[in-house]
Structure formats: structure tokens, C-alpha cells
Amino acid sequence: MSDGQHEFDQHASTAYSANELVELENIIDKDDAMDEMEKMGTGQSSDDPNRRKRSEVWTEFDIVTVDGNTKAKCNYCSAKLVWKKGGATTHLKRHLNACMPRKLSKPSEDKDLKQSLLSFDVTQGHAMLATYKYDKDKIREILAKMFIVHEYPFRMVEHQFFVLFCKALNPKFELIKRVTLRNDCMKMFAIEKQKLRSMLRNVDRISLTTDLWTSNQTIGYICITGHFLDSEWKLQKRILNFCSLAPPHTGIAIADCILQCLTEWEIEDKVSTITLDNASSNDTAVKVLRDNFAIKGKLYFSGKIFHIRCCAHVLNLMVQDGLAEIRDVIENIRESVKYLKMSPSRLHKFTEIVKQLKLSTSKILQLDVPTRWNSTYEMLESALEFKPVFPMYKERDSNYKWLPSEEDWIRATEVSKFLEIFNEVTEVFSGRQYPTSNLFLNEIWRVKEKLNDMSFDTRDFVVRMTRRMNEKFEKYWGDCNLLMAIGAVLDPRYKMQLIMDK
């Protein structure tokens, strides 16, 4: 130990007791303590310009002169604080602790110190101002939903410009592979399935609709949809199963598939009704299901409302039977539209004639799907708008051989007017965002009144059409359907009045 240090220890021990030294250290910082001690024993003045500043505050303060006075200037907010050489730095530390620019410029564990971004959160059609926080898990969840809803291919997540687009939106976006995206989608499916399972546990009754069709790859598919009221009395619709069905598509095979689906969801004792189209195999499936539920004592209302025939399908069968009476007229118009739409040059020539005639219409030629009568109605409606164009096109194209005659156009016009009410009723039956069971009886009665009026028409083809459609009506709707009557009675607009009048 040097002589100077030994002398310093003697002065410190004689001038201050141990407790006084601790108290002194708590009041002033180390630099001030060293200055005080150096005055007592080292002989080096605190005003020595060559003395090194030891306090950490000087890394964030600069010494400046203002009007001849020495001040300490904050490097963050440029505030100038009083300070003199050899003076204390405690007030400088207090300033740094309270300086907001300093807090924002440095990483901090306190997330509230960072300024939040604002965004508009659109929920159920209402925009609300909310704070934005980047959440990679939330981003991946939304990304998976986007690919599910819009049926994008998983490979798209690796496309170059999709990645650049996401990076431009937010540089924090983390790239994922298509396999990861697929796994996210499957996890979301499992989560939603569990939510639906929990919801169905609190449901007392559920109605089913099912449909079966064959794809263009000749693969049979069946879809089973459940309709029910949730705990808040809101109408819910959920797809319970969508799967391939191996041939032959017999009634027993359909019934077994439905029962397997109900067992998986644990709702086999909650089914009140099931709606199917009018295929003979569906009648067999309903018989098997009815017997199964009856054995377990879970056939509600003694099975009187268990089987519901699809009203839209019955209407389709009725109109198809009626259109068979003017098959030749419809075939000429269908082949004419098909001929024109098969070639861009023919369609262009047809459009040029439309411009020459200055026809003011926004419609375009539509080709129907023969199994869907309403598409045939739309085809007739569009073709009638261009009636004067077809003869002129015939003069310019010798290969066109399906020009309808004047009598054909007259029949098409009358049939189009006749089918207008059927198209309106089909749209009501096909509603998805509102209950429809209370509307069936009134709409079906409108159809019956129209058929009764047209049965007295003077034109033979109209009478024949009406007769065939009436036969189909009586087959399926001749007797009042109990469920339709219940739905109408529960509608406060009708109550019993509709039943009594009809």
C-alpha cells in the first residue's frame, strides 16, 4: 500500500465513523464521495480539468456553456440542467430516469412504453378503432382460414410474389412451407370440430338434410348437413359429413352412412326430421332409419314429420314434366345458344348484329343445365331478349340450322310468363339466411292457384303442360303436409287463418 493511500485511510477513519461512511454513500454518488475524500487526503483538486469523470451519466450528457454558465445537456431531449465542476450528478440521474425520448430510444422490458399502432378492426360489419400488435400465431391462423375458405392450393404460400407481397405488408412476416400450412389447416379443423361437438351436446333436437351426387370422375359423394337452434336461439347450419360413397348407392348403403355419421357426432338420439330428394333409394334409406329410431324409442311425433321431401326438388320435377310438352321448342333454342357460344367468331358476329339493331339489354345468352329447370327458364328469358337477332344471324351463317319458328317464339314467350311464378317460389324455397318452413304452405298454394288458372287456358299446349304438372302436384302435395301446417301456424302473420283459408 502506498504512503498516500495509507494516509487517506487514516484521514477517512478519523474524520468519519463506519456508519457515517455508509450514510454518506447513500446520499451522494461515488464520484461525489471520491471528490470529498480526495479533498481530505489526496491533494488532487476536484476542479482539476484533467480529472476523469467516473459517473455513468456523462455517457448521456454533454457539458455546454450557456451565457457564461456551465450546464449539462441531455443527449436525448436537449434539456440543459444546472451543473458546476465537481458538483453532484444525482439530479442528472433523476432526469435520465424520467426522460421519455430516452425510454423510447432504448429497448425496454416495459411494453407499455412503446407507442402503439392503431388499426381498424372490422367485426360483423362494424369498424372499431383498436391498437395493433403483431402476432405471428394470429397471422398463421388467418392465413390458414384464407386458404380454407377460398380453396387456394397450399403451394401458393411458397410463390415468390406472394412472399414479397406479405413482406411488403409487414417485414416481420415469417415464411412457412406448404406442409406447415397444411398442418395448420388440419389443426384448425380439429379445433372447430371439437367446438361443434361441444355445441351439439347442448342441442335437444337437430334436423338433417342430405344429398347424393356423382362427380365427373364418376365418384359418388354424400353430404350430410345439420340444422339446429343454439343456446341463444339462433339458427345454425353445419356440415356434419362430406365423404365419398362407394357404389352401389342403395338405400341401405345411404342409411348406413347416415347412421355412422350420427354415431360419430353422438346425436343419433336427437334427430327430429330428415329432408331428402325424391329418389327411390332415399325412400328406402328413410324406412331403414325410421325403423332404427323406432326400436330405440327415439322417433319423435310417432314419425309423422320424420321424412320431409325436398320442396325445391318436387317443384323441379313438376316443371320438368310440364316442359316436356314443348321439348322441341326448348331443344331448338338450346342448340342455337350452344352453337353460338361454342365459337368466339360466331358470338362476335352475333354481337355485331345486336349493336346494329341497337338493342337495349344487359342480358347475355345463357346455356341451361337440362336437369335444373330454373336454368332453362333463364335461357328462355335471355333468348327472347335477342329474338330479332337470330333470323339476321341465319342470313350470315348457312351452317346455322336451329332457327326457332315464329310459333316456337310464341310458345317460348307464353311458357316464360307461366314459369315466372315457379322461379319466384324456387328462390323462396332456396333461402339460406332465414327460416323457410313457415313460408312453404303459402308458396305452394300460390303454385296451386296458378295451375288452376292455367287449366282453363284456350291453348292446347298450355292445357297439356298444366295437366301433367297437376298430376305431379297431387302426387306429392295432394294431402296437407303436417310440418308445413305447423310452420305456417307458428308464423305470427298467419297463425290459424292460413290453414282455415286454404
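## Surroundings of R346

Leaving aside residues up to four places away in sequence, R346 touches Y339, L340, Y393 and D397. This description refers to a predicted model. R346 is located in helix α13, which covers residues 344-357. With a relative accessibility of 25%, R346 counts as partly exposed, because that class lies between the limits of 20% for buried and 50% for exposed residues.

One of the contacts of R346 can also be described through the backbone. R346 and Y393 are 47 residues apart along the chain, and their C-alpha atoms are separated by 9.0 Å.

## Salt bridges centred on E325

The structure holds 25 salt bridges. As a general matter, side chains of opposite charge can pair when their charged atoms come close. Among the salt bridges are those that link E325, R464 and R468 in a network.

In the pair formed by E325 and R464, the closest N and O atoms are 2.9 Å apart. E325 lies in the loop between α11 (311-323) and α12 (327-341), whereas R464 belongs to helix α18 (residues 460-477), so this salt bridge ties together parts that are 139 residues apart in sequence. E325 also meets R468 through a side-chain salt bridge, with an N to O distance of 3.3 Å. R468 lies in helix α18 and E325 in the loop between α11 and α12, so this pair ties together parts that are 143 residues apart in sequence.

The members of the network can be described by their accessibility as well. E325 counts as partly exposed at 22% relative accessibility. R464 is partly exposed, with a relative accessible area of 32%, and R468 is partly exposed, with a relative accessible area of 32%.

## A salt bridge within helix α10

K287 and D291 form a salt bridge in which the closest N and O atoms are 3.4 Å apart. Both residues lie in helix α10 (residues 280-295), where they are four residues apart, about one turn of the helix.

The accessibility of each partner is as follows. K287 has a relative accessibility of 53% and therefore counts as exposed. D291, at 36% relative accessibility, counts as partly exposed.

## Packing of helices α6 and α8

Two packed helices are described by the angle between their axes and the distance between the axes. For helix α6 (residues 136-150) and helix α8 (residues 178-201), the axes come within 9 Å and cross at roughly 85°. Helices α6 and α8 are therefore roughly perpendicular to each other, because crossing angles of 65 to 115 degrees fall into that class.

The contact involves R140, E141, L143, A144, K145, F147 and I148 on the side of α6. From α8, the residues taking part are T180, L181, D184, C185 and M188.

## A nonpolar surface patch

W213, I239 and F242 make a nonpolar surface patch of about 320 Å². Within this patch, I239 is found in strand β8, which spans residues 235-244. I239 has a relative accessibility of 55% and so counts as exposed, because the exposed class begins over 50%.

Notes:
Residues numbered from 1 in each chain as written. Predicted model: local features only at pLDDT ≥ 70, side-chain atom pairs only at ≥ 80, totals over all residues. Heavy atoms only, no water. Patch = residues over 30% accessible without salt bridge, like charges linked within 9 Å, V, L, I, M, F, W, Y side chains within 5 Å. Areas by Shrake-Rupley, 256 points an atom, 1.4 Å probe, with all protein chains shown as cover. Salt bridge = Lys/Arg side-chain N within 4 Å of Asp/Glu carboxyl O. Helix = DSSP H or I, 4+ residues; strand = E, 2+ residues; numbered from the N terminus. Buried < 20%, exposed > 50% of the residue type's maximum accessible area, 1.4 Å probe, protein only. Axes fitted to C-alpha atoms, helices over the stretch in contact; angles between N-to-C directions. Parallel < 35°, antiparallel > 145°, perpendicular 65-115°, else oblique. Contact = heavy atoms within 4.5 Å.
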